[in-house]
Amino acid sequence: MKIAIMGAMREEIDPILAAVGTYTSSQHAGNVFYECVYGGHELVIAYSKIGKVFSAITASVMLERFGAQMLLFSGVAGGISKELKIGDLIMASSLCQHDVDITAFGHPFGFIPEGTLMIESDPQLRSLASEVAIDMKIDLYEGIIATGDQFVASSERKEWIHQTFDADALEMEGSSVACVCQNFAIPFFILRAISDTADGGASDDFDAFLKTSAQVSATFILEMVKRLEN
Ligand code: SAH
């Protein structure tokens, strides 16, 4: 099977490229795409750059031009749930866009007409991840991830996102990638390791924990790849 693995930042895919060893690279639509064979699968790997727009471009290219049949996202996020500590892993059950606001027309926050407020990730990939977590003796959380074009470093904004969407973590790409995959009818899985808790200290924590948390997420994703059937 051809599998897309994407991150938003170079630090999120570096551990994946290091683990797969040999790969080729090519450029398209302002980005670099790495291809290799790993665990019996063809992989296409890329980081999109930060935010919903860049991540939607990269996801679309991976599906349309590279023919990926599944997409796995690996990266870091700000934790909302008090259960989530820095370095913990969360897989998205569903994702939403916390910065969409056309409430002036009576729509709820996050809703775009003809779209859905929440997009559910692939249940089979989530159950595979649960098996991997048990075998690796890792606590894997499952919950709603809220996406927006904002680095959230405020307790007030974080609390609002929690109250409005019942979200457990927040980041800047998951929901746009989910939207692309939903529209192309491609199964997808979004995994994030917590780098910060989206409050006053978020930027310092992010800088301190980006690399270690990105590595935690990447290691888990590669274990999933090895267990996926062709
Ligand atoms: N330090 C970077 C910017 C990082 S933006 C620079 O200067 O270039 C944060 C990235 O990590 C995004 O890709 C987002 O998906 C994720 N993320 C981690 N913590 C976050 C938070 N508190 N709010 C929003 N996104 C967060």
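Why is strand 4 (residues 41-47) largely enclosed by the rest of the structure? Select it and look around: five of its seven residues are buried, so the rest of the structure largely encloses this strand. Buried here means under 20% relative accessible area, exposed means over 50%, and partly exposed is in between, using a 1.4 Å probe and protein chains only. Strands (E, at least two residues) and helices (H or I, at least four) are DSSP runs numbered from the N terminus.

Before moving on, a word about what you have open. This is a predicted model, in which local features need pLDDT of at least 70 and side-chain atom pairs count only at pLDDT 80 or more, while totals for chains, interfaces and linings use all residues. Residues are numbered from 1 along each chain as its sequence is written, and side-chain values use heavy atoms, with hydrogens and water left out.

**Stop 1: the neighbours of strand 4**

Add strand 1 (residues 2-7), which pairs with strand 4 in the parallel sense over six bridges; two strands count as paired if DSSP finds at least two bridges between them. Click on Met 6 and you'll find its bridge partner in strand 4, Ala 46. Now bring in strand 3 (residues 31-38), which runs antiparallel to strand 4 and is joined to it by five bridges. Val 37 has Glu 42 as its bridge partner in strand 4. Strands 3 and 4 make a hairpin with two residues between them, and Gly 39 in the turn has a positive phi of about 55°.

**Stop 2: the ligand**

Next, select the ligand and its shell of 18 residues, of which Val 152, Leu 170, Met 172, Glu 173 and Asp 196 come nearest. A residue makes the shell if one of its heavy atoms lies within 4 Å of the ligand. Strand 5 (70-79), strand 9 (169-171) and strand 10 (188-196) each supply at least two shell residues.

Now turn on polar contacts, meaning pairs of N or O atoms within 3.5 Å. Backbone atoms are the ones to show:

- Val 152: a backbone N or O atom lies 2.9 Å from a ligand nitrogen.
- Met 172: a polar backbone atom is 2.9 Å from a ligand oxygen.
- Gly 78: a polar backbone atom is 3.3 Å from a ligand nitrogen.

On its own the ligand has 570 Å² of accessible area (Shrake-Rupley method, 1.4 Å probe), and the protein covers 78% of that.

**Stop 3: charges beside the ligand**

Keep Glu 173 selected and add Arg 192: their side chains meet in a salt bridge (2.9 Å, N to O). The rule is a side-chain nitrogen of Lys or Arg within 4 Å of a carboxyl oxygen of Asp or Glu. Glu 173 sits in the loop between strand 9 and helix 5 (174-184) and Arg 192 in strand 10, so the pair ties together parts 19 residues apart in sequence. Glu 173 is buried at 4% relative accessible area, and Arg 192 is buried too, at 1%. Then add Glu 12 and Glu 171, which are linked with Glu 173 and Arg 192 in a network of salt bridges.

**Stop 4: two more salt bridges**

How many salt bridges are there by this rule? The count comes to 12. One of them joins Asp 99 to Lys 52, with the closest N and O atoms 2.7 Å apart. Asp 99 is in the loop between strand 6 (89-97) and strand 7 (119-120), Lys 52 is in helix 2 (residues 52-64), and 47 residues separate them. Asp 99 is partly exposed at 25%, whereas Lys 52 is buried at 12%.

Finish with Asp 199 and Lys 158, whose side chains meet at 3.6 Å, N to O.

Notes:
A polar contact is a pair of N or O atoms within 3.5 Å; within protein, one must be able to donate a hydrogen and the other to accept it, and residues adjacent in sequence count only if both atoms are side-chain atoms.
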